[in-house]
Protein chains: 2
Amino acid sequence: MPRVIESVPNISEGRRLEVVQAAVDALASVPGVRVLDVQSDRDHNRSVISLAGDEKSLPDALLNLFDVALTRIDLRSHQGEHPRAGAVDVVPFIPIEGATTADCVALARQLGQAVAERFHLPVFLYEDAATAPHRRSLEDVRRGQFEGLAEKLRDPQWKPDFGPAVPHPSGGVAIIGARMPLIAYNINLGTADLEVAKRIARAIRHSGGGFRYVKAMGVMLEERKLAQVSINMTDYKKTPLHRVFEAVRSEAERYGVSVVGSEIVGLVPAQALIDAADHFLRLENFNPSQVLERKLRESD
Amino acid sequence: MPRVIESVPNISEGRRLEVVQAAVDALASVPGVRVLDVQSDRDHNRSVISLAGDEKSLPDALLNLFDVALTRIDLRSHQGEHPRAGAVDVVPFIPIEGATTADCVALARQLGQAVAERFHLPVFLYEDAATAPHRRSLEDVRRGQFEGLAEKLRDPQWKPDFGPAVPHPSGGVAIIGARMPLIAYNINLGTADLEVAKRIARAIRHSGGGFRYVKAMGVMLEERKLAQVSINMTDYKKTPLHRVFEAVRSEAERYGVSVVGSEIVGLVPAQALIDAADHFLRLENFNPSQVLERKLRESD
C-alpha cells in the first residue's frame with residue numbers, strides 16, 4: 001500500500017495572494033503531491049496549506065516551498081496578528097495511511113537537514129520530532145518570535161537542531177516536526193448550564209488531571225441553549241474517541257445531565273471511527289486489513 | 001472520486017487450474033481492473049473470483065471472462081457438488097465507493113445485454129437487478145440447474161431478461177445481478193447454552209420475523225465453550241451492525257446472558273463501521289466527506 005503522509009506548512013504571507021499562489025504552485029509542481037486546502041488570513045498575514053504525498057515527493061515539494069517563501073517573504077517588514085518566527089514558519093508531518101509517527105519524525109529530520117544546508121536556515125524540530133522535552137511545544141520554540149531570534153539562538157538551550165545559530169536575515173528560522181492528526185470533537189450536553197460543561201472539560205483535559213491527549217473547554221451553544229464540551233484530541237490512538245465520550249457521559253451523569261449528541265468538526269481519520277466501532281461492538285481480533293477499502297488500496 | 005465497484009463472478013471450473021488461470025488473465029488484462037482474490041474448490045468444481053474496477057473497465061473484463069469460460073467449459077460434462085446453471089454461473093455487481101446499487105443494476109443490465117448479443121446466451125437478472133419478485137433469489141433462478149434449463153425456459157415465467165429462450169448448448173445461462181456487500185458478523189454470548197443462541201438467532205433473522213437483511217443461526221464455539229449467534233448481514237445500510245448488536249444484547253439479557261464479544265469474518269466496508277461509530281458516539285450531522293482518507297481520494 002502506498003504510504004500517505006500529510007503536511008500542513010504555515011507560511012507568513014496571507015495578504016499578497018500572488019505570493020501564496022506561487023507557493024502553492026511550487027508545491028503542486030512535484031508529481032505525487034496533492035494540495036488539499038489553502039487558507040489565507042489577512043489579519044494573521046499567514047496561510048495554512050494542506051498537502052498529501054509520500055516520503056519521496058513531500059520533501060521535494062517543501063524544498064520548493066522554502067525556495068519561494070525565502071525569496072518573496074521578508075519578515076523584517078512582516079506584520080500580522082499571528083506569532084511567527086519564519087517565512088515558512090511551521091511544517092508538521094502527519095501520518096495518515098500506512099505510515100507511522102516514526103516515519104514522520106524521520107521525514108522532519110531529513111527536511112530539516114536539507115533546508116539548513118540549502119538555505120543556511122536554522123531549523124528546530126518540535127512535537128514528536130523534538131530532541132529535548134523543552135522543545136516539544138511549538139509555542140515554546142516560537143516564543144520571542146522573529147524579532148527575538150538573534151538573542152534566543154545565543155542561548156545554548158536553543159541551539160538549532162540543524163543549521164547556523166544565527167537567524168536567516170529575512171527568513172528567520174523554520175520549525176519542523178511530526179504530530180498525529182488533530183480531531184476537533186465536541187460533545188453536547190442536555191443542559192443550558194455552562195458551568196457543567198466547564199467542570200467536565202476540566203475533568204477530562206490533560207491540564208486538569210484528565211486524559212493526556214485531550215484539550216477541552218466548556219462553551220455555550222447560544223442558539224440551541226445547550227452547553228458543549230469542546231475538545232481537541234491530539235492523539236486519537238492513545239486517547240481514543242470512545243473513551244472521551246464515555247468519560248463525558250459519566251461525568252455528566254453526576255450532574256443528572258445527558259449527552260444529547262456529539263460532532264466532529266472538519267476531517268477525521270477513518271481509523272478513529274473504526275476504533276470507536278471496534279470498542280462499542282466489542283469486536284474480537286479485528287484487523288485493519290479487514291476493511292474492504294484498505295484491501296482495495298493494497299492492490300493498487 | 002473514482003467509482004469503485006466489486007464483482008464476484010463464479011465460474012463452473014475448480015479442477016483444471018489452467019482454465020481458471022486463463023479466466024483470471026482475461027479479467028486482469030483490462031486496465032483499471034484489479035483481481036483481488038481467487039478461490040477454487042475441487043469438490044464444488046467451481047471458482048469464485050473477486051475483482052474491483054469501475055463501470056467502464058468491469059464490463060470489458062467480464063466479457064473477456066465469458067469468452068474464455070464459454071470456450072473452455074462444457075456443462076454437459078461438468079460434475080460438482082455446487083448447483084450451477086452456467087459456465088459463468090453468477091455475476092453480482094457490488095457498490096463499494098462512490099457507487100450506488102442503482103449504478104450496479106445499470107451495470108448488470110448493460111453486461112447482460114452485451115453477453116446475450118455476443119454469445120447468444122440467455123441471461124437472468126437477479127437480486128436488486130431482478131425484473132420480477134420471483135426472480136430476486138439466486139436459488140430460485142438457478143433451481144433445476146443446467147440439466148433442467150431447456151424445460152424451465154419454456155415457462156413464460158422464466159423467459160430470460162436478455163437473449164434466446166433456449167439454453168446455450170454448453171454454457172447454459174448466465175445469472176447477473178446487483179447486491180450490497182455481505183458482512184459475516186458473529187456475536188459471542190457468555191453462555192455455553194446453545195439453545196439461547198438459537199432463540200436469539202430466530203428472533204433477529206428475517207425468516208423468524210426479525211430484521212429484513214439478517215440471516216442468523218445459533219452455533220457452538222466448542223473450544224471456548226461459548227454459544228454464538230452467527231449472522232449474515234445482507235444490507236448493512238438498511239439493517240446496520242449496531243442495531244443487530246443492540247438487539248442481540250437485549251434478547252440475551254432476557255436470559256441473563258451477556259455479550260462477551262463479536263467478530264467480523266473477512267472483509268467489511270469502512271462505512272459499516274463508521275455508521276456504528278456514528279450511532280454509539282451520537283454524532284450529529286456527520287458527513288462521509290469528513291473522513292480524511294475519502295477526502296484524499298477525492299483529490300486523486
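This briefing describes the fold of chain A and its contact with chain B. The model is predicted. Chain A holds 9 helices and 11 strands, and its domain assignment gives domain 1 (4–178) and domain 2 (183–293). Chain A meets chain B through a contact that takes 37 residues from chain A and 37 residues from chain B.

**Overall dimensions and packing of chain A**

- A compact globule with 300 residues would have a radius of gyration near 19 Å, and the 21 Å of chain A agrees with this.
- Along the principal axes, the C-alpha atoms of chain A fill a box of roughly 60 × 50 × 40 Å.
- Of the 300 residues in chain A, 47% are buried.
- Among contacts in chain A with a separation of 6 or more, 71% are accounted for by residues 24 or more positions apart.

**Domains**

- The domain assignment places residues 4–178 of chain A in domain 1 and residues 183–293 of chain A in domain 2.
- The centres of domain 1 of chain A and domain 2 of chain A, taken over C-alpha atoms, are separated by 31 Å.

**A four-stranded sheet in chain A**

- An open sheet of 4 strands in chain A follows the order β9-β10-β8-β11, and its pairing is antiparallel.
- The edges are occupied by β9 (214–221) and β11 of chain A; each has a single partner strand, so one side of each is left without a neighbour in the sheet.
- From one strand to the next, the twist averages 20°.
- Helix α6 (residues 194–204) of chain A packs on the sheet and touches β8 (183–189), β9 and β10 of chain A. The direction of this helix makes about 175° with that of β9(A).
- The antiparallel pairing of β9(A) with strand β10 (residues 226–233) of chain A extends over 8 bridges.
- Within that pair of strands, V214(A) has M233(A) in β10(A) as its bridge partner.

**The contact between chain A and chain B**

- Each side of the contact is specified by its residues, with 37 residues from chain A and 37 residues from chain B.
- On the side of chain A that touches chain B, two or more residues are given by each of the elements β3 (34–41), β5 (88–97), α7 (241–253), β11 (259–265), α8 (270–280) and α9 (292–298) of chain A.
- The largest share of that side comes from α8(A), with 6 residues.
- By residue class, the side of chain A that touches chain B divides into 24 nonpolar, 6 polar and 7 charged residues.
- Strand β11 of chain A thus appears in two settings: it stands at an edge of the four-stranded sheet, and it is listed among the elements that give two or more residues to the side touching chain B.

Conventions. Residues are numbered from 1 along each chain as its sequence is written. Chains are lettered from A and ligands numbered from 1 in the order in which they are written. This is a predicted model: local features need pLDDT of at least 70, side-chain atom pairs count only at pLDDT 80 or more; totals for chains, interfaces and linings use all residues. Two residues are in contact if their C-beta atoms, placed from the backbone, lie within 7 Å. Ala, Val, Leu, Ile, Met, Phe, Trp, Tyr, Cys and Pro count as nonpolar, Asp, Glu, Lys and Arg as charged, and the others, Gly among them, as polar. Two strands pair if DSSP finds at least two bridges between them. Axes are lines fitted to C-alpha atoms, for helices over the stretch in contact, and angles run from 0 to 180 degrees between N-to-C directions. The radius of gyration is taken over C-alpha atoms; the globule rule is 2.2 Å times the number of residues to the power 0.38. A residue is buried if 20 or more other C-beta atoms lie within 10 Å of its own, exposed if 12 or fewer, and partly exposed in between; C-beta atoms are placed from the backbone. Domain bounds come from an automatic or database domain assignment.
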